[in-house]
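Hi everyone, thanks for coming along. Please take a look at what I'm putting on the screen, and then I'll walk you through it.

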Amino acid sequence: MCGAPDQAVSLPVGTDLGKQTVLAGRVVAGGAPVGGAFVRLLDGTGEFTAEVVSSASGDFRFFAAPGTWTVRALSRSGNGEAVLNAEGPGLHQTEVAVA
Amino acid sequence: MSREDVLVSTDWAEKNLGAEGVVFVEVDEDTTAYDGGHIPGAVKFSWTTELTDPVRRDVLSKEDFEAVLSAKGISNDDLVVLYGGNNNWFAAYAYWEFKLYGHENVKLIDGGRKKWELDGRTLTTEVPERKATSYTAKDADLSIRAFRDEVVASIGVKNLVDVRSPDEYSGKIFAPAHLPQEVSQRRGHVKGAINVPWSKAANEDGTFRSDEELTALYGEAGLDGNKAVIAYCRIGERSSHTWFVLRELLGHKDVKNYDGSWVEYGSLVGVPIELGASA
């Protein structure tokens, strides 16, 4: 479970990465994945857009649009955030470290 | 009406687990969340089958509401304490439906399941057994429920509050970014509606903002405190959250939830729709 983020993100059948902008990533604490974290997607102005709960392997995923996004995670291990610049459609990945 | 009448803290909830006459009820958007762990002693309501009619698009009938509460072992004089995931969206919807059928003694856990989990409090997979009751509901209180004709008639007359995200309001998208797009025929918002996303009423841990912050929020958005209010969203659950804020926390007298919401309104022929961001 260590090393580079999983590149083989599972996406719903029919997801067209030529058209859709997918933001995905993993919540980690000290390198270990954090499941059950509350992951909030904030737009370029810091406004709340959506919230999901990370999977047991710490993974999360949003369908968004091109732009600058902040992914903020809240968990019992602490909070943290990361900024993602999605210049266009496709899969955009990040890791969010909480402490 | 004050916060203590309609909200309990996670701390209060933990201290009152198992208390006589108190029933904890979990309602989630993800109807499997309860099965993976819930507050000890809490019973589960599935919003798709136990709060809405399985055939018609509607809340439960009075008789079905009575049957569900009786089967869950809830009595007329029990204090029902609701909580759920996703910042209490569906718990707020359940709260509204309990009030609709005249169950006065009902409260929300401030912050819901998220706050409980972030606090590091206990969850269990043990499902409680409760003895069936014989619950009697009152006739639906339509002073808190708006139907489509009233919404159309309220354009320019009452406050219409669209609580969806700015992109749903402006007509850019049909549904929130993390959900499949349940499609109405048209995008946009009810003519003249103001846009105050439900999320602005909550802190990031899911608790409600202070009365002062909430009053400022709706005031700045142009809500006229002397006029009645109808809140709507996509299917009526996020607007229950705002209905709760306006009526139960801020004490506005005449607030209705339009549970038909955009999925209904955006499919009606000939009704006034506007596109574009709020002014």
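Let me begin with a question: what percentage of the 279 residues in chain B is buried? The answer is 44%. Please keep in mind as we go that this is a predicted model.

So, how confident is the predictor? For chain B the mean pLDDT is 94, with 97% of its residues at 70 or more. Chain A has an average pLDDT of 88, and 91% of the residues there score at least 70. One stretch of chain A deserves a warning: across residues 1-7 the pLDDT is below 50, and this stretch has seven contacts in the model beyond near neighbours in sequence. As a general point, predicted coordinates should not be read in detail where pLDDT is low. For the complex, the predictor reports an ipTM of 0.83 and a pTM of 0.92.

Now let's look at chain B as a whole. Its secondary structure amounts to eleven helices and eleven strands. The radius of gyration of chain B is 18 Å, close to the 19 Å that the globule rule gives for 279 residues, so chain B is as compact as a globular protein of that length. Along the principal axes, the C-alpha atoms of chain B fill a box of roughly 50 × 40 × 35 Å. If we take the contacts in chain B with a separation of 6 or more, 76% of them join residues 24 or more positions apart.

What does the record say? An unreviewed UniProt entry places the feature "domain: Rhodanese" at residues 18-125 and 160-274 of chain B. Over residues 18-125, chain B is 35% helix and 19% strand, and the end C-alpha atoms lie 16 Å apart.

On to the sheets. In chain B, five strands make an open sheet with parallel pairing, in the order β1-β5-β4-β2-β3. At its edges are β1 (7-8) and β3 (43-46) of chain B, each pairing on one side only. Helix α5 (residues 85-100) of chain B packs on this sheet and touches β2 (22-28), β3, β4 (79-83) and β5 of chain B. The direction of α5 makes about 175 degrees with that of β5(B). Zooming in on one edge, β1(B) pairs with strand β5 (residues 106-109) of chain B in the parallel sense over two bridges. There you can find B:Leu7 opposite B:Leu108 in β5(B).

Chain B also has an open sheet of four strands, ordered β8-β6-β9-β10, again with parallel pairing. Why is one side of β8 (194-195) and of β10 (255-257) in chain B left without a neighbour in the sheet? Those two strands stand at the edges, and each has a single partner strand, so one side of each stays free of a neighbour. For β10(B), a parallel pairing runs to strand β9 (residues 229-232) of chain B over three bridges, and B:Ile230 stands opposite B:Lys256 in β10(B).

A quick stop at helix α9 (residues 211-220) of chain B: of its ten residues, one is buried, so to speak hardly covered. Just after α9(B) comes B:Gly222, with a positive phi of about 95 degrees.

Finally, where do the chains meet? 14 residues of chain A are in contact with twelve residues of chain B. On the chain A side, the elements giving two or more residues are β3 (38-42), β4 (48-53) and β5 (59-64) of chain A. Of these, β4(A) gives the most, with five residues.

Conventions: Residues numbered from 1 in each chain as written. Chains lettered and ligands numbered in written order. Predicted model: local features only at pLDDT ≥ 70, side-chain atom pairs only at ≥ 80, totals over all residues. UniProt positions renumbered as here; feature names shortened; annotations may be inferred. Buried ≥ 20, exposed ≤ 12 C-beta atoms within 10 Å, placed from the backbone. Rg over C-alpha atoms; globule rule 2.2 N^0.38 Å. Contact = placed C-beta atoms within 7 Å. pLDDT = per-residue confidence, 0-100. Pairing = 2+ DSSP bridges. Axes fitted to C-alpha atoms, helices over the stretch in contact; angles between N-to-C directions.
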